[in-house]
Amino acid sequence: MLDDLFSKRLDSMEEYVAGKTVDEIAEKYSLDPDQIISLSSNQNPFSLPNQVKRSIKDSSEDVSSYPSPKDFYSLKKSVSDYIGFSPSNIALGAGIDGVLETLMKVFLEKDDETLIPVPTFSYYKILSKVFDASPAYIERGKRFEIDPEKIKSNVKEDTKLIFLCSPNNPTGNLVQEETLKTALDTGKIVLLDEAYAEFSSRDYVDWVSNYDNLVVLRTFSKAFGLAGLRVGYAVMSEEIVEKYRSISPPFPLTVPSINAAKTSLNNLNHLNEIINKIKTGRDFLTEEIKFKTFKTEANFVLTDVSPHNSEEVCEKLMKQGIILRDCSHMSIKDRNLVRITVGKEKENKKVVTALNQI
Ligand SMILES: Cc1ncc(COP(=O)(O)O)c(C=O)c1O
């Protein structure tokens, strides 16, 4: 009955596939949820600092109110100190997902094209389609690098946005300087998703000073461990921040999320400890897994389980209570890729043992 009323754009949409949850797997295989390890969503496995936990509890009194402009500004100010850009270059949103959605409203019009090097985070394609743009894809090379020539040859008059991700999800490699420069020199808007920057050896946020078409996206969901509170931000020219502000949902964050993010930025020692633990775990997985692993600068490791089938491998491990991310839906030719989020030491050991027994 309602069929005629739904937007026709939904006909060509593929839904975002999130990692399998502990509850799903516990039910499916009759397992004890407490014994399941979830390494499929690139979340932070470690506890939050006590100050952050306290700030969330203390904020519970304030949830009957919307956050005030002063609340938003105070988080921008903390981010500004952390990132080294003025608050006037920063826009906030409900995670990178929320920030991206508002940016799509700022830039995309019907029949625009977006350019997406694949494989990458699938939400870029979904958002492009939701906003009536046509995504065009560039295949990455053997080590998932992006050939700058392919950017040049694929950018057309109708191209509005180029999506780059560094370190890239699910491959873990960084965008090369030459690739970023080529993308920026096209004059199109370059959205550089640095969700995993805290784990990597370099980032490009300082390039925002030189390129007014560069938007760098960051989040509190990964290294800071606040995925459930949904806090993300963009660093970009004041001109784009102004347009963003004019079209953003009025209250994308909450008082607890603002306070938790601010308190996290006051606990950078804790952040550094966690980053070091993740890097140690990342090295362990990279070295100990018997299958080919790829160099990664993020909090996950990509492995090619060939000659085995990635779906079957993930299924086998799930039955043992280990949830990994099968990448077969990303249709990468001749490869059987599985993405493993770095967990706690015990979890990493369990994954290695299970994978090496295959
Ligand atoms: C590359 C990338 N960007 C953005 C996100 C979403 O981040 P947020 O939680 O800030 O919306 C993810 C989540 O997995 C991601 O992998």
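Is lysine 222 buried or exposed? That is the question with which I should like to open. Before I answer, please bear in mind that the structure above is a predicted model.

Lysine 222 counts as buried, because its relative accessibility is 15% and the cut-off for a buried residue is under 20%. As for its place in the fold, lysine 222 belongs to the loop that links β7, residues 214–219, with β8, residues 232–235. The UniProt record, an unreviewed entry, annotates Lys222 as "modified residue: N6-(pyridoxal phosphate)lysine".

Which residues is lysine 222 in contact with, once neighbours within four places in sequence are left aside? They are Ser41, Asn42 and Asn44, together with Ala195, Tyr196 and Phe199. With serine 41 there is also a polar contact to report: the side chain of lysine 222 comes to 3.4 Å from the backbone oxygen of serine 41.

I turn now to the ligand. It is surrounded by 14 residues, and the closest of these are Ile96, Asp193, Tyr196, Thr219 and Ser221. Tyr196 has thus been named twice in this talk, as a contact of lysine 222 and as one of the closest residues to the ligand. By class, six residues of the shell are nonpolar, four are polar and four are charged. Helix α4, which spans residues 95–107, supplies the largest share of that shell, namely three residues.

Where do polar side-chain atoms approach oxygen atoms of the ligand? For asparagine 169, a polar side-chain atom is placed 2.7 Å from a ligand oxygen. For tyrosine 196, the corresponding distance is 2.7 Å. Arginine 230 likewise has a side-chain N or O atom at 2.7 Å from an oxygen atom of the ligand. On its own, the ligand has 400 Å² of accessible area, and the protein covers 93% of it.

Finally, let me consider leucine 271, a residue of helix α10, which runs from residue 268 to residue 288. Leucine 271 is classed as buried because its relative accessibility is 6%. Setting aside neighbours within four places in sequence, leucine 271 is in contact with Tyr82, Glu198, Ala223 and Phe224. Its distance to arginine 335 may help you to find your way around the model: the two residues are 64 positions apart along the chain, and their C-alpha atoms are separated by 35 Å.

To return to the opening question, lysine 222 is buried, at 15% relative accessibility, and the UniProt record attaches its modified-residue annotation to this lysine. Thank you for your attention.

Definitions and conventions
Residues numbered from 1 in each chain as written. Predicted model: local features only at pLDDT ≥ 70, side-chain atom pairs only at ≥ 80, totals over all residues. Heavy atoms only, no water. UniProt positions renumbered as here; feature names shortened; annotations may be inferred. Helix = DSSP H or I, 4+ residues; strand = E, 2+ residues; numbered from the N terminus. Buried < 20%, exposed > 50% of the residue type's maximum accessible area, 1.4 Å probe, protein only. Contact = heavy atoms within 4.5 Å. Polar contact = N/O pair within 3.5 Å; in protein donor to acceptor, adjacent residues only side chain to side chain. Near = heavy atom within 4 Å. Areas by Shrake-Rupley, 256 points an atom, 1.4 Å probe, with all protein chains shown as cover. Nonpolar A, V, L, I, M, F, W, Y, C, P; charged D, E, K, R; others polar.
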